[in-house]
Structures are given as C-alpha cells and as structure tokens.
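Please open the model in a viewer and keep the sequence at hand. The tour below proceeds by selection, with a short account of what is found at each stop.

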Amino acid sequence: METERHDAQVFEVNDNALAVLEKRYLKKNEAGDAIEEPIDMFRRVAGTIAEPEVDFGIARGLSGDEARAVSEEQEKRFLDLMLSRKFMPNSPTLMNAGRELAQLSACFVLPVEDSIDSIYDTLKHQAVIHKSGGGTGFGFSKLRPKGDVVSSTMGVSSGPVSFMSVFDASTDKIKQGGTRRGANMGILRVDHPDIEGFITCKHDNDEINNFNISVAITDEFMERARADLDFDLKNPRDGEVIKTVRAQDLFRKIVEGAWLNGEPGVVFIDRINADNPTPQFPIEATNPCSEAHLPAYDSCNLGSINLERFVLTAAQAEEKIAQNGRASGPRAPKETDCVDWVALKECVRTAVRFLDNVIEQNDYPLAEIARMSRGNRRIGLGVMGFADALVKLGVPYDSGRALELANSFMEFIDRHAWEASRDLAEERGVFANWEGSVHNARDGRRVRNATVTTIAPTGTISMIAGCSGGIEPLFAVAFLRRQAGMEMPDVNPEFVKIAKDRGFYSEDLMRSVAEHGSVRDVEEVPEDVRRVWVTSQEISPEDHVNMQAAFQKHTSMGISKTINLPNEATIQDVADAYTLTYSVGCKGVALYRDGSRDEQVLSKGSAP
Ligand code: ADP
C-alpha cells in the first residue's frame, strides 16, 4: 500500500489501482503524463459535484453565504466518503467531472426505430457516448425481420442482427480514441421472427465482439415453455405471425447458447416494465451489464457503497453492545451488531445527494438525453465489497446467514435512499415526470428520483476502492503474479491477517493457496476458515441465484451478477438455473460456465 498525504487527508491506493488511475482517470498533459495525484482527482470530483448546492440553496431561500457554506460542507462530506473508500461514483464521473468533457454517466439506452434515419442517427449518438466513456444499450425488436419488404425500394431488409454488426464495427473504430473500450448491450424480444439467428449470432463469427446480447423474455413465453405449448413469432411491423415454434425448443436454444459461451443472457422484460416507475416511457433495453433498465434516451448515474468499510471489529461490536446497555444482558455479538448502521445511513444519504447533484453537473451528449435524464432523475446507488464484508464477519457466502445479511444491508440502504430522495424533493422539488409516475399514482409519494438503487458490476471502481466487486463472491483467495520474472503469490490481505492471527501462516502455505486459487482442499487451513473463504466456482448455481434474488428484492432497478457454473455443468443445469432465476423474482440472468470462452479475463491460479 502506498499512502498519499495531503493536508492530513489520506488516500490509500494499491499498485493495481494506481496503474488504472494513471492510465485512464487522472488528468494528463499533452505529453501524456499525469498532472494530478489520485487525491487531486477526488478533490476535483467533490468540488464539482458540490457546486449545484449553491443554486439549490439560493432557490430555497438561503442567502448566498449560507448556500456557499452548505456547498462547502457537502464537498467535505463527498471527499471524505471517497478518500475513506466508503463510496465511489461510476468511472465517467471520476474521469470527467470538472473537465472539458463533463459526461458523467455510465449507462445509456438509445432507441432503434424501424427506419434508416433512426438507425443511423442512433449510430452517431452511440459514437458520441462511447467517446465519453459511457456504455450503450439498444432494443432491436422494432426492426422488421430479415427478408421483409422495404416498400420505398422494393428491396428486402437485412434484419436486426445485420444492423447490430454495423453498431459493432463503429464501436471498434471509436474505441481507438475514447477513454475506454466501448461496451454495448443488444436486446431482441423472444417473439421476434429473427430470434433464432440472434441467439447464435456470436457463435461462429467474429463480427459482434463489442456486444453483450440478451433475449427479452416475456411472461407469456415462460408460461408457454413451462406448459410445453407453441409460441408465435411475429413481425413487429404489423403483428403478422411469421412462424410458430415449440416454446421449449426456443428456450432450449437460449440455454444451449448460454452453456456454450455465456450468451445470450436473458432479461425478464415484462417484470422490468411492471416495476418501471415511469410507465409513460416503456423499457425495451438495458445498459451493457444489464443492471440499469432504461427507457430510450434515459441515462443513469451509478455509485457504489463499499460494505466492507462498515464492518466493525469484534471488539468494537462488543463495545457498541455494552454502550447500548441491552436489558437482556451481555451476549455474543451477532453479525448485524458488527455493522456500523449509523455510519452506513449517513453514507447512503450523502451518496444520494451526490448522485442527484451529478444529474445537474452532467454535460449530456444529446438534447434528448438531457431532457429524459433530467425528467426522470434516475440514480443507481449500489454496493460493492459484499464478499469482503462477509469474510470479515466470518459468514460463508453460500449460507442462510449471508442471505439474511444481504437482505438486511439492501433493505436498509434502499429504505434510507428513498428517505433521502423524499427529503431532497422537499428541498428541491420532485422529478419533472413525477406526475405520470407510479410514485404519484400508487401512493402520492413525493420523491426526487424515479429510481434510487441499482447494483453495478463495479469492475474498475472496486479496484480503486480495493474491495471485491459488487455482490459477487471472492473469485480467488490468492493467485500467482509474475513480477520481475518470478511468480509471486498475491494473497488476499485479510486472509494473510487471519492466517497470522490463527497461527497457521507460512510462506509455503501461501504459495500453495496461490497455486490452488482456493483453500477448499488445503488441509493446513482450519475447517471453519476454509468454509468462510469459499470462492465463486465452489458456490452452487442455486446459491448464486438466491443471492441475486435477495438483493433484487430491495433494489429499484436491476443487479449485475454472474451465475458461475463449473466447466462440467450440463445444459440441463443451465436450464435449471434460468428457470430458478425467473421463479425467485430476478429481473434477468447472466451466466458463465468456467472455461467456456476462449479468453477468460481472470483465471484462477494465474495472474489476471
Ligand atoms: P466502473 O467500475 O468503471 O464504474 P462498472 O463495471 O460498474 O463500471 O460498469 C457499470 C456500467 O458502466 C456498465 O454496466 C456499462 O453500462 C458501463 N461500462 C462499463 N465498462 C464500460 C466500457 N468499457 N465502455 C463503456 N461503458 C462501460
């Protein structure tokens, strides 16, 4: 750990995080050298995101001085949360806040209507968004199927899959000059006549590499597959039935694709729309990692709380219990006693305010996106470091206690996020599209934001915060890293600490753990420690799915989560996982069978 000190403020950053920051996040001069330190980046972000407090303050009757004092106070809070690694906004906010390209959102959905004008307008808009580091999602379901007539030319349409490859090729070109490699989600409804070609569109060619693909599955389709009935594929242009298939056969094709290489994923589109807080704008697509369910032209600002930072040590927990002076007398601390709920609530409230301010400061790439984003004010507060929190609490990921903790954490975060959004509505007013929203229709609840919670993958920001990603289990306890021509074990620091505290530490053991990746079969590690340090491959698909469902119950939009299966999992195992995901109330599935893609990003036992 390298420690930076500045005005008594500290940001602890490890080598991996520093490398990522230097490469893409820190301001650079023309020679390409970073001209800010990580701490300056956080200052830049906190200062920029606190600015709108001045105008908001004056608008609600504060004097200029009072409003500036509020802004300074919030700036301090924002900075503290980031420096203490309790909260991080999504990458574009870290990269772009306070800079010329002030595009701050991670996720966008763009419309694709059934016309050349619409397709190529959106192609241009995709390029503009990618340049700024945002990801794009598209629903291609309105495009007429391949071979259908084009009346103005009497030619034939080439269909959704071929247009996807145009968006893919453009992504390739733009990524050369952008902040990060562009990411897309392509979605097609299960009742589109081209669905079979879509399911296999990434299998035997090299044309669609910059897309994740998902099938938008309807409730009717799930019903028909369950009852083994036929299912109609219809031309979106006029509703004509083009083909009738056996629903189970189509389901099987989706599952085979997912077994083969993890694609397509699925999103349960009716369920997503049933929970759409702004039904006046229907949802056809999601962002690339499928956690943000957005109408066309909407965007979402994400931010994630690092749960590990809110776990107390056993001694702190005992002190807390003693201070609370429980009538029931002394007792051993439960997991929930070991969480600093007061600090977590403060963090949630500040994070919601931060993300609402991001909407003000965002320089949107398009007028339509500005209108929709400001109209709905969707924010997506999520979590990361969940697996780290569990190991600190001594709770195995695949246990009932972990599910209870997931439920406690997310229920608490969602509840306080809504409370913060209600308070902001009192200060700043409800979101512009509130009147037609379910918040008005269902209970007249006056809130500032259409949505408050979403769980992102946190691919980069978890690295910057030095914690496990999103709600995923640990990928490995240790791996071998090549350093200066040698293979060195890189072991989770919390595991090293436990090994030393419990007296089973040795360098040989650490090397052996790094070679295995996991501790399941390492006899020198005590049984209870082995149980807690379970890794993603050792967790059953059911336990993965149940964890996703536990978080989904208290999340406004979706969850980014991969259901990991061992290499030897069968097609039926994949089918069962998909069916289970639907039956326990999830909004979608992304599944991955170990080793099934040629290029695995991380592989256990070897350096990433
Ligand atoms: P981060 O940790 O960098 O903030 P996440 O891994 O949490 O990002 O991803 C959040 C969302 O950001 C994704 O669902 C996607 O919409 C967008 N995103 C992620 N990676 C990229 C990328 N390389 N290019 C464009 N957008 C991306």
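Select Pro-264 to begin; this residue sits in the loop between helix H10 (247-261) and strand S12 (265-268). The model is a predicted one. Display the backbone from Glu-263 to Pro-264: the peptide bond that joins them is cis, with omega at about 5°. As a rule, most peptide bonds are trans, and most residues other than glycine have a negative phi.

**Two loops with a positive phi**

Proceed to Arg-85, in the loop between helix H4 (64-83) and strand S3 (87-89). Although Arg-85 is not a glycine, its phi is positive, near 60°. Is Arg-85 buried or exposed? Its relative accessibility is 8%, and Arg-85 therefore counts as buried, the limit being under 20%.

Next select Asp-228, which is placed in the loop between helix H9 (219-226) and strand S10 (230-234). Asp-228 is not a glycine either, and its phi is positive at about 55°. With a relative accessible area of 37%, Asp-228 is partly exposed.

**The ligand and its surroundings**

Now select the ligand and display the residues around it. How many residues surround the ligand? There are 22, and the closest are Ser-91, Arg-181, Asn-287, Thr-458 and Gly-459. Coloured by type, this shell divides into nine nonpolar, 10 polar and three charged residues.

Three polar pairs may be drawn as distances:

- From an oxygen atom of the ligand to an N or O atom in the side chain of Asn-287, the distance is 2.8 Å.
- From an oxygen atom of the ligand to a polar side-chain atom of Glu-291, the distance is 2.9 Å.
- From a nitrogen atom of the ligand to a polar backbone atom of Gly-135, the distance is 3.2 Å.

With the surface switched on, consider how much of the ligand is covered: on its own the ligand has 560 Å² of accessible area, and the protein covers 91% of this.

**Arg-44 in helix H2**

Move to helix H2 (residues 38-50) and select Arg-44, which lies in it. Arg-44 has a relative accessible area of 10% and is buried. Which residues does Arg-44 touch, not counting residues up to four places away in sequence? They are Tyr-25, Lys-27, Glu-36, Leu-94, Met-95, Asn-96, Ala-97, Gly-98 and Arg-99. For Met-95 a distance can be drawn: its backbone oxygen lies 3.4 Å from a polar atom of the Arg-44 side chain.

**Helix H19 and its ends**

Select helix H19, residues 493-502. Its buried residues are Glu-494, Phe-495, Val-496, Ile-498 and Ala-499. In an α-helix there are 3.6 residues a turn, so residues three or four places apart point the same way.

To see what covers the buried residues of H19, add the neighbouring elements to the display; the cover includes helix H15 (386-393), strand S18 (486-491), helix H20 (507-516) and helix H21 (527-532).

Then inspect the two ends of H19. At the N-terminal end, Asn-492 acts as a cap, with a side-chain oxygen 2.9 Å from the backbone nitrogen of Glu-494. Just after H19 comes Gly-503, whose phi is positive at about 80°.

**Val-532 in helix H21**

Helix H21, already displayed as part of the cover of H19, holds the next selection, Val-532. At a relative accessibility of 12%, Val-532 counts as buried. Leaving aside its neighbours within four places in sequence, Val-532 is in contact with Val-391, Gly-394, Val-395 and Pro-396. Select Arg-520 as well: Arg-520 and Val-532 are 12 residues apart in sequence, and their C-alpha atoms are 9.8 Å apart in space.

**The whole chain**

Finally, zoom out to the full protein chain, which has 23 helices and 20 strands. Its C-alpha trace spans about 75 × 65 × 60 Å along the principal axes. The radius of gyration is 24 Å, which agrees with the value near 25 Å that a compact globule of 608 residues would have.

Of the 608 residues, 55% are buried. The accessible surface of the chain comes to about 25600 Å², and carbon and sulfur atoms account for 48% of it. Among contacts with a separation of 6 or more, 73% are between residues 24 or more positions apart.

Key. Residues are numbered from 1 along each chain as its sequence is written. This is a predicted model: local features need pLDDT of at least 70, side-chain atom pairs count only at pLDDT 80 or more; totals for chains, interfaces and linings use all residues. Side-chain values use heavy atoms; hydrogens and water are left out. A residue is near a molecule or strand if one of its heavy atoms lies within 4 Å of it. A polar contact is a pair of N or O atoms within 3.5 Å; within protein, one must be able to donate a hydrogen and the other to accept it, and residues adjacent in sequence count only if both atoms are side-chain atoms. Accessible areas come from the Shrake-Rupley method with a 1.4 Å probe; for residues, only the protein chains shown count as cover. Ala, Val, Leu, Ile, Met, Phe, Trp, Tyr, Cys and Pro count as nonpolar, Asp, Glu, Lys and Arg as charged, and the others, Gly among them, as polar. Helices (H or I, at least four residues) and strands (E, at least two) are DSSP runs, numbered from the N terminus. Buried means under 20% relative accessible area, exposed over 50%, partly exposed in between (1.4 Å probe, protein chains only). Contact means heavy atoms within 4.5 Å. The radius of gyration is taken over C-alpha atoms; the globule rule is 2.2 Å times the number of residues to the power 0.38.
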